[in-house]
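Reader: Hi, I have a structure open and I'd like to talk it through. Can I throw some quick questions at you?
Author: Go ahead.

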Amino acid sequence: MLSSISRPSLLRLQSKKLLKIFHAVYIVIFMFHLNIVRSKKVDTTITDSVFSFSKRSLNDHADPVYGGWTEKPPLLLGYVVKETLTHNPNSFTEGFAFRLGDNKLVESVGLRQKSHISVFDMHIQQGDNSNSKSGNPKELFQQTNQGSEFGEGLTFFQDEDSGKELLIQLTYKAHQAHIYRLENNHLNHIETLMFPDGVREGWGITTSSDRRVLVMSDGSPVLHFLRRHKGQNKLEIVQHITVHDCFNGMPAVKGLNELELVPRYITHQRLRMHLRGASPWWEDHIRIHGSDDVEEFIWANVIGTWCVAVIHPLSGQVVAWINTANLDSHFTQFDKVENGIALRVTDDTIWMTGKKWPNIYRIELGPNHGFKASQYNKGGLNIAQICKTPWRAGSATVGKEEQCLA
């Protein structure tokens, strides 16, 4: 009975009960704190897995050698020209894309009173995927933009409602995008969609791997992921990333222009073909950027630079720079910059051109000659200096510095 228990014994029992309660509360607090820490991990996986990469947190990319996933040094790549075809030297190229599954090439040409979409047939004449030859683009027709509209980037995408392949063309300042269906050698205008709040201008555009989500640039360091707003004639933002190269002191890479989604195997397998017998360091570096969590990268022309940025679509990290400074002799004038990247899926080839360039080039990736690999390890490569053009400074080093914090 309670009356028979001595006071010291009663105190001991109460102490044990308090200790158990304290222990239980401690466990609850610890688990609560752990969940908070986990919830603070940056997770920019796009809704509904629109890209074919795994749903791992960006924190899983932490690298103790460089102090964080954002600080891994990007590759500096070169190129090999495999084919050269003709291009209209009067075309102020703003968008460049192939239709999936055939050889229809579409080009958005800018400038007010001159903006239009050109549709070409660029058939493969002979050879296999690695040695194919293409005929010069045959222009089938043009679709002129209305009034003073300034046409910008374009891409094909799959409409979520109808499942049909449509073409979207951005405008520069009008804050709207035109939707077309390409059929029987003409473009049928379907509708016009307004840009969402938060998108300042229309520059470049590509799609996710399932072709349902649009990825758009507006000249800033931000890439916007867009879908059509249900029930309204406008686009809505479902996600965004800030593009950065922290290893080279660029927490925000602005001037992102024409975009293209390129499969990982093209970036790596073609590069390995040109690096056989090279330093083992190259192979190890390619493995680091093999990025098992992603099946494709976003390639972007960066205005004011010689270089194409190869961007990780989850984190926004630049995993490689492609130095294309000598691709075209006209690439020395401000109004004749490189601004066209197109993937032809029928033979997995990459085509590049620029504003008022007389040629289109089929390129494959290769090593960038004239530098020592050891410079990477010492941080000795100044990407901003290597990539900048003579008429304008290279990629911006201003922006949200927290992008570069591990």
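Reader: Which residue's side chain does Glu160 meet in a salt bridge?
Author: Arg227. The N to O distance is 3.4 Å. Keep in mind that this is a predicted model.

Reader: Where do Glu160 and Arg227 lie?
Author: Glu160 is in the loop between β8 and β9 (165-171). Arg227 is in strand β14. They are 67 residues apart in sequence, so the pair ties together those parts.

Reader: Is Arg227 buried or exposed?
Author: Buried, because its relative accessibility is 13% and the cut-off for buried is under 20%.

Reader: And what about Glu160?
Author: Glu160 is partly exposed, at 32% relative accessible area.

Reader: Why do such side chains pair at all?
Author: Opposite charges can pair when the charged atoms come close.

Reader: How many salt bridges are there in the whole structure?
Author: The search finds ten.

Reader: Which residue pairs with Lys355?
Author: Glu94. Their side chains meet at 3.5 Å, N to O. This pair links distant parts of the chain, 261 residues apart. Glu94 is in strand β2, and Lys355 is in the loop between β21 (349-354) and β22 (359-367).

Reader: Are Glu94 and Lys355 buried or exposed?
Author: Both are buried.

Reader: What does Asp347 form with Arg344?
Author: A salt bridge, with the closest N and O atoms 2.9 Å apart. Asp347 and Arg344 are both buried.

Reader: Which residues are linked in a network of salt bridges?
Author: Asp159, Glu191 and Arg228.

Reader: New topic: holes. How many cavities of 30 Å³ or more does a search find?
Author: Four. The largest holds about 130 Å³ of space.

Reader: Which residues are closest to the centre of the largest cavity?
Author: Phe157, Asp159, Glu160, Arg227 and Arg228. They belong to a lining of 15 residues. You have met Glu160 and Arg227 already, as salt-bridge partners.

Reader: Which elements give two or more residues to that lining?
Author: β8 (151-158) and β14 (222-228). β14 gives the most, with three residues.

Reader: What classes of residue are in the lining of the largest cavity?
Author: Seven are nonpolar, one is polar and seven are charged.

Reader: How much space lies in the second largest cavity?
Author: About 60 Å³. Twelve residues line the second largest cavity. Nearest its centre are Asn301, Val302, Ile303, Thr305 and Glu338. By class, the lining has six nonpolar, five polar and one charged.

Reader: Let's do strands. How many residues of β18 are buried?
Author: Five of its five, so strand β18 (residues 307-311) is mostly covered.

Reader: Which way do the residues of β18 point?
Author: Cys307, Ala309 and Ile311 point one way. Val308 and Val310 point the other way. All are buried.

Reader: How does β17 pair with β18?
Author: In the antiparallel sense, over four bridges. Strand β17 covers residues 296-302. One bridge joins Ala300 to Ala309 in β18. The two strands form a hairpin with four residues between them. Gly304 in that turn has a positive phi of about 85°.

Reader: And how do β18 and β19 pair?
Author: Antiparallel again, over five bridges. Strand β19 covers residues 318-323. Val308 has Ile322 as its bridge partner in β19. β18 and β19 also form a hairpin, with six residues between them. In this turn, Gly316 has a positive phi of about 85°.

Reader: What is the order of the open sheet of four strands?
Author: β2-β3-β4-β7, with antiparallel pairing. The edge strands are β2 (93-98) and β7 (138-144), which each pair on one side only. Neighbouring strands are turned by 20° against each other on average, direction ignored.

Reader: How many bridges join β2 to β3?
Author: Five, and the two strands run antiparallel. Among the partners, Phe96 is matched with Glu107 in β3.

Reader: Last one: where is Asn382?
Author: In the loop between α4 (374-377) and α5 (383-387). Asn382 is partly exposed, at 44% relative accessible area. Gly249 is 133 residues from Asn382 in sequence, and their C-alpha atoms are 9.0 Å apart in space.

Terms used. Residues are numbered from 1 along each chain as its sequence is written. This is a predicted model: local features need pLDDT of at least 70, side-chain atom pairs count only at pLDDT 80 or more; totals for chains, interfaces and linings use all residues. Side-chain values use heavy atoms; hydrogens and water are left out. On a 1 Å grid over the protein atoms alone, a cavity is a set of points where a 1.4 Å probe fits but cannot get out, and a pocket is an open set with protein on both sides within 12 Å along at least five of seven lines; lining residues have an atom within 4 Å of a point. Grid points are joined across faces, edges and corners, and a volume is the space filled by probe spheres set on the points. Ala, Val, Leu, Ile, Met, Phe, Trp, Tyr, Cys and Pro count as nonpolar, Asp, Glu, Lys and Arg as charged, and the others, Gly among them, as polar. Buried means under 20% relative accessible area, exposed over 50%, partly exposed in between (1.4 Å probe, protein chains only). Two strands pair if DSSP finds at least two bridges between them. Axes are lines fitted to C-alpha atoms, for helices over the stretch in contact, and angles run from 0 to 180 degrees between N-to-C directions. A salt bridge is a side-chain nitrogen of Lys or Arg within 4 Å of a carboxyl oxygen of Asp or Glu.
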